[in-house]
Amino acid sequence: MNILVCVKPVFNAEAEIQVVDGKVTSSEPELVINPFDEYAVEAAVQLKEKYDASITVLTLGTTEQIEAARHALAMGADEAFLAEIENASTLDTRSTARVIAAFIKEDPRFDLIIFGRQTVEFGSGLVPSQVARLTGLPFVGLAGKIDISEKLTVERVLDNTVLTVSAELPTVISVVQSIGEPRFPSFMGIRKAKKAEIPSWKPSNLLMPLTSVSSLSRTNANKDRGECVFISPDDPVKAAGELFDKIMAEKIL
Amino acid sequence: MKVWVYFEIERGEVLPTSLEALSLAKRLGDVSALILHPKATELANIAFSYGITKAYTAPQADFDQFSPELFASTINAAAKKYAPDVIILPSTFQSRELTGMLSIDLDCDVLNDAISITLEDDNMTASRPIYEGKVIEKIRANSTMKLVSVRGRMFPIPRAEEVDGEIVSIEKVGSARSIIHGSRQTSQGVSLANAGVVVAVGRGITNHPAFGISEEETARKGLSLASDLAGMFNGAVGASRAIVDAGYLPYDHQVGQTGKIISPDLYFGLGISGSIQHLVGMRGSKIVVAINKDPEAPIFQHADYGIVGDLYDHLPAIIEKFNELKK
């Protein structure tokens with residue numbers, strides 16, 4: 001079985017993100033793998049352990065932006081490709097999806113294409129179903145558990161409900177964190193990933209030029225609220241009374 | 001401008017976010033509801049009760065279960081026939097799948113996760129939170145037809161206004177590509193994203209030495225108190241990652257970076273220290289109340305009201321006090 005996992009390099013979500021002169025900057029400029037994509041790689045590695053699969057990783061960007069792919073290799077993926085694109089991080093979702101779909105059409109050996117549910121930066125979560133539509137493959141989103149025997153069966157994790165869903169392979173899926181905690185790369189894995197060559201692939205048959213999001217402005221979100229008002233009485237009943245009065249005065253209930 | 005609002009149906013009911021989208025849509029132009037469900041005709045009456053005069057409906061039995069392929073193909077065909085200028089959908093995980101496919105079928109730009117929409121001449125722009133709400137970006141849709149997805153609780157539900165509406169049946173096009181074999185309900189009640197009040201619990205609920213019981217039993221006690229408090233407001237229980245990772249609640253209760261971004265009117269953080277991963281999920285809350293033993297807990301920097309103390313000492317009194325209100 002051949003699995004393709006798509007990963008995106010992003011700013012570390014725990015770093016300080018700030019807009020300076022209309023540009024988003026981070027206190028940690030080094031990019032890391034999108035945390036949602038770590039679950040996608042984890043899902044692929046679990047399948048590899050179970051079904052003897054081969055894992056290919058695809059990432060978009062410049063030759064400087066291959067950290068996410070290296071991390072996936074260190075976790076246990078077998079090979080990685082870079083779709084070499086200058087402004088990958090600002091592409092609109094349809095353009096991103098068209099690049100990935102072109103890769104899949106050119107290399108049709110994949111039985112399963114796995115995405116994280118969304119990115120941590122723009123977070124639209126649109127690309128997985130767009131890729132399915134462009135390739136004509138079925139789409140099963142939000143998989144929390146994956147089983148493959150001839151066809152694909154997944155547990156689809158929705159609000160308040162878990163569905164059991166099956167589809168014919170090849171299929172495009174997105175995964176959620178019920179898959180399990182992403183493993184830490186082993187020492188051997190890190191060494192192997194460091195040495196691995198990540199060949200560039202240039203999309204040739206996109207038919208249309210790639211377009212970027214029409215971004216008009218980016219501003220720092222306002223700090224949401226003022227100083228915290230502490231309710232001081234130690235006596236819980238008195239404190240509850242005071243809290244109750246404050247909340248009722250807000251007229252939100 | 002012709003605006004369609006897609007009704008996401010959850011267990012036979014219209015998702016509140018779809019009703020909220022009606023008020024945004026009314027500001028933009030002539031609004032029609034778009035309903036794909038066996039009970040679409042009945043559900044159209046809900047649209048008519050908010051002053052919407054037209055509903056495009058697909059009442060075939062196949063629409064009982066959501067399938068992104070079937071729903072997208074059907075809406076695509078209807079949109080090509082009736083040419084709306086804008087289709088507004090909730091930005092829920094389920095409707096995002098549909099939005100993605102429609103953006104391909106209709107070749108249109110998506111103003112996703114919009115928290116506000118501005119229309120000047122024919123220029124439509126949206127503000128959306130990016131980088132987990134740390135940055136607000138204004139984006140423009142350039143395509144002729146546009147898709148807009150809206151977050152829950154960003155727009156008011158319009159006031160009731162009964163009208164006689166027209167129903168236009170649309171054709172079922174395409175078919176599902178996956179089969180649903182079964183479903184099990186993992187939680188009851190309002191979902192986190194739509195709840196007006198959220199009671200979120202953190203590691204603090206697992207620890208109360210005076211009880212002299214195991215961590216797990218303590219956690220169950222805390223969850224039961226949290227759910228009592230949430231229940232009073234028809235609210236939902238949320239959790240930090242530590243609590244879902246420990247298996248005390250299913251993943252769909254997690255608030256934060258890898259969980260849900262929520263914006264309730266009232267948020268209680270109980271025994272939650274306030275890691276950055278959690279904070280990005282709840283910073284959109286209107287009023288934040290935090291209870292924590294540690295006065296230095298970061299959550300207090302993001303709270304309107306704080307109580308420094310043990311949640312097990314304070315929660316019963318708070319529940320009692322709000323109970324008086326109910327009576």
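These exercises walk through a predicted model with chains A and B.

**Exercise 1. Get to know chain A.**
Describe the secondary structure, the span and the burial of chain A.

*Solution.*
Step 1: Start with the secondary structure. Chain A has 6 helices and 15 strands.
Step 2: Take the C-alpha trace. Along its principal axes, the trace of chain A spans about 65 × 45 × 40 Å.
Step 3: Turn to burial. Of the 253 residues in chain A, 47% are buried. A residue counts as buried if 20 or more other C-beta atoms lie within 10 Å of its own.
Step 4: Look at contacts in chain A with a separation of 6 or more. Residues 24 or more positions apart account for 69% of them.

**Exercise 2. Split chain B into domains.**
Find the bounds of the domains of chain B, then describe the contact between them.

*Solution.*
Step 1: Read the bounds. Domain 1 of chain B covers 2–169, and domain 2 covers 192–326.
Step 2: Locate the centres. Taken over C-alpha atoms, the centres of domain 1 and domain 2 of chain B are 33 Å apart.
Step 3: Count the contact residues. Domain 1 of chain B gives 7 residues and domain 2 of chain B gives 8 residues.
Step 4: Sort one side by class. Where domain 1 of chain B touches domain 2, there are 1 nonpolar, 4 polar and 2 charged residues.

**Exercise 3. Trace a sheet.**
In what order do the 6 strands of the open sheet lie, and which are the edge strands?

*Solution.*
Step 1: Write the order. The sheet runs S15(A)-S18(B)-S17(B)-S16(B)-S14(B)-S15(B), with parallel pairing.
Step 2: Mark the edges. S15 of chain A (229–230) and S15 of chain B (236–239) each pair on one side only.
Step 3: Check the link between the chains. S15(A) and S18(B) are joined by 2 bridges and run parallel. Phe230(A) has Gly306(B) as its bridge partner in S18(B).
Step 4: Move to the next pair. S17(B) and S18(B), residues 305–308, pair in the parallel sense over 4 bridges. Here Val289(B) is matched with Tyr305(B) as bridge partner.
Step 5: Continue inward. S16(B), residues 266–270, pairs with S17(B) in the parallel sense over 5 bridges. One bridge puts Leu266(B) with Ile287(B).
Step 6: Follow the chain between these two strands. From S16(B) the path goes through helix H7, residues 276–282, to S17(B). This β-α-β crossover is right-handed.
Step 7: Add S14(B), residues 197–201. 5 bridges join S14(B) to S16(B), and the two run parallel. Val199(B) has Phe268(B) as its bridge partner in S16(B).
Step 8: Place a helix. H5 of chain B, residues 215–232, packs on the sheet and touches S14, S15 and S16 of chain B. The direction of H5 makes about 170 degrees with that of S14(B).

**Exercise 4. Judge the cover of one strand.**
How many residues of S17(B) are buried?

*Solution.*
Step 1: Fix the strand. S17(B) spans residues 287–292.
Step 2: Count. Of its 6 residues, 5 are buried, so S17(B) is mostly covered by the cut-off of Exercise 1.

**Exercise 5. Examine where the chains meet.**
How many residues of chain B are in contact with chain A, and which helix gives the largest share?

*Solution.*
Step 1: Count both sides. 71 residues of chain B are in contact with 68 residues of chain A.
Step 2: Find the main contributor. Helix H4 of chain B, residues 93–105, supplies 10 residues, the largest share of the chain B side.
Step 3: Sort by class. The side of chain B that touches chain A has 28 nonpolar, 22 polar and 21 charged residues.

How values were computed: Residues are numbered from 1 along each chain as its sequence is written. Chains are lettered from A and ligands numbered from 1 in the order in which they are written. This is a predicted model: local features need pLDDT of at least 70, side-chain atom pairs count only at pLDDT 80 or more; totals for chains, interfaces and linings use all residues. Domain bounds come from an automatic or database domain assignment. Two residues are in contact if their C-beta atoms, placed from the backbone, lie within 7 Å. Ala, Val, Leu, Ile, Met, Phe, Trp, Tyr, Cys and Pro count as nonpolar, Asp, Glu, Lys and Arg as charged, and the others, Gly among them, as polar. A residue is buried if 20 or more other C-beta atoms lie within 10 Å of its own, exposed if 12 or fewer, and partly exposed in between; C-beta atoms are placed from the backbone. Two strands pair if DSSP finds at least two bridges between them. A crossover is right-handed if, with the strands pointing away from the viewer, the path from the first strand over the helix to the second runs clockwise. Axes are lines fitted to C-alpha atoms, for helices over the stretch in contact, and angles run from 0 to 180 degrees between N-to-C directions.
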